[in-house]
Every structure is written in structure tokens, then in C-alpha cells.
Amino acid sequence: MNALELQELTVESLEDLKGKDIVVLDVADRTSVTDWMIVVTGTSQRHVKSLANEVVEKSKEAGVRPLGMEGEEDGNWILVDLGDVLAHVMTEDSR
């Protein structure tokens, strides 16, 4: 799966669970760390956790294992690292 397909899969996953204010940033020409950054708002800590878990599950189903996930204990801001895609899932207050 290439970076664009992974980005599209991530956005679809977030849209499926009603993520708000999804912003997709193409950062491939600005950093070597990742190609895409996606920022999304959840309505509560539980929603943020559900959104992040959905991204992880859908990527695994597509054969892409996440490199890491941070912030799930707190639930205000969770970073899902898929390599070519970084998803920042957060509450409105954190954003």
C-alpha cells in the first residue's frame, strides 16, 4: 500500500466514526519523517480513543502495522504513527 492509499484509508476510517474537522496535510516535501499528517477532532475522550483504534484496526486489515500509538491512556490527544501517515486525534480543547 502506497502513502496516498494509506492516507485515504485513514481519512475514510475517521469519517466512518464521525471525526470532526479533518485536515490532511501533505508534508512529503518538508520532512523525511512522514508524507502525510492528518488532524482530526473527537467529541470526547472516548470518541478520540475510538477514532484512533479504528485507524489502527483498518490499517492492520490492509496489511499495514502501525509503528506506534501514544496518548491512549489520557485520551485527549492520541498520535497514531503509520510511517507514511501520522494521525493526530484529539479533543477540541487539545486542538
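In this short talk I will walk through the sheet, the core, the salt bridges and a few single residues of one predicted model.

Before I start, please keep in mind that residues are numbered from 1 along each chain as its sequence is written, and that side-chain values use heavy atoms, with hydrogens and water left out. Since the model is predicted, local features need pLDDT of at least 70 and side-chain atom pairs count only at pLDDT 80 or more, while totals for chains, interfaces and linings use all residues.

Let me begin with the sheet. Helices (H or I, at least four residues) and strands (E, at least two) are DSSP runs numbered from the N terminus, and two strands pair if DSSP finds at least two bridges between them. With those terms in hand, we can say that the model has an open sheet of 5 strands, in the order β1-β2-β5-β4-β3, and that the pairing is mixed. The edges are taken by β1, residues 20–26, and β3, residues 68–70, and because each has a single partner strand, one side of each is left without a neighbour in the sheet. From one strand to the next the twist averages 10 degrees, where axes are lines fitted to C-alpha atoms, for helices over the stretch in contact, and angles run from 0 to 180 degrees between N-to-C directions.

As a general reminder, strands of a sheet pair through backbone hydrogen bonds, either parallel or antiparallel. Both kinds can be seen around β2: strand β2, residues 36–42, runs parallel to β5, residues 85–91, and 7 bridges join the two, whereas β1 and β2 run antiparallel and are joined by 5 bridges. If you would like to find particular pairs on the screen, V40 has V89 as its bridge partner in β5, T41 has M90 as its partner in β5, and V23 has V39 as its partner in β2.

Now, how much of β2 is buried? Buried means under 20% relative accessible area and exposed means over 50%, with partly exposed in between, using a 1.4 Å probe and protein chains only; by that rule, 6 of the 7 residues of β2 are buried, and the strand is mostly covered. Helix α1, residues 3–16, lies across β1, β2 and β5, and it runs at about 0 degrees to β2.

That brings me to the core, a nonpolar core being a set of buried Ala, Val, Leu, Ile, Met, Phe, Trp, Tyr and Cys residues joined through side-chain atoms within 4.5 Å. The largest one has 20 residues, of which L6, L14, V80, L82, V85 and V89 touch the most other members. At least two residues of this core come from each of α1, β2, α2 (45–61), β4 (77–81) and β5.

One of those well-connected residues deserves a slower look. Contact means heavy atoms within 4.5 Å, and, if residues up to four places away in sequence are not counted, L82 touches L6, T10, V55, S59, V64, P66 and L67. From the other side, S59 lies in helix α2 and is buried, because its relative accessibility is 0%; leaving aside neighbours within four places in sequence, S59 is in contact with L9, V64, P66 and L82. L67, by contrast, sits in the loop between α2 and β3 and counts as exposed at 64% relative accessibility, although L67 does touch D81, L82 and G83, again not counting residues up to four places away in sequence.

My last topic is charge. A salt bridge is a side-chain nitrogen of Lys or Arg within 4 Å of a carboxyl oxygen of Asp or Glu, and the structure holds 2 of them. In one, the side chains of E92 and K20 meet at 3.9 Å, N to O; this pair links distant parts of the chain, with E92 in the segment after β5 and K20 in strand β1, 72 residues apart. E92 counts as exposed at 56% relative accessibility, while K20 is partly exposed at 33%. In the other, E54 pairs with K58, and their closest N and O atoms are 3.9 Å apart. Why are E54 and K58 separated by about one helical turn? They are 4 residues apart in helix α2, so the separation is about one turn; K58 itself is partly exposed, with a relative accessible area of 27%.
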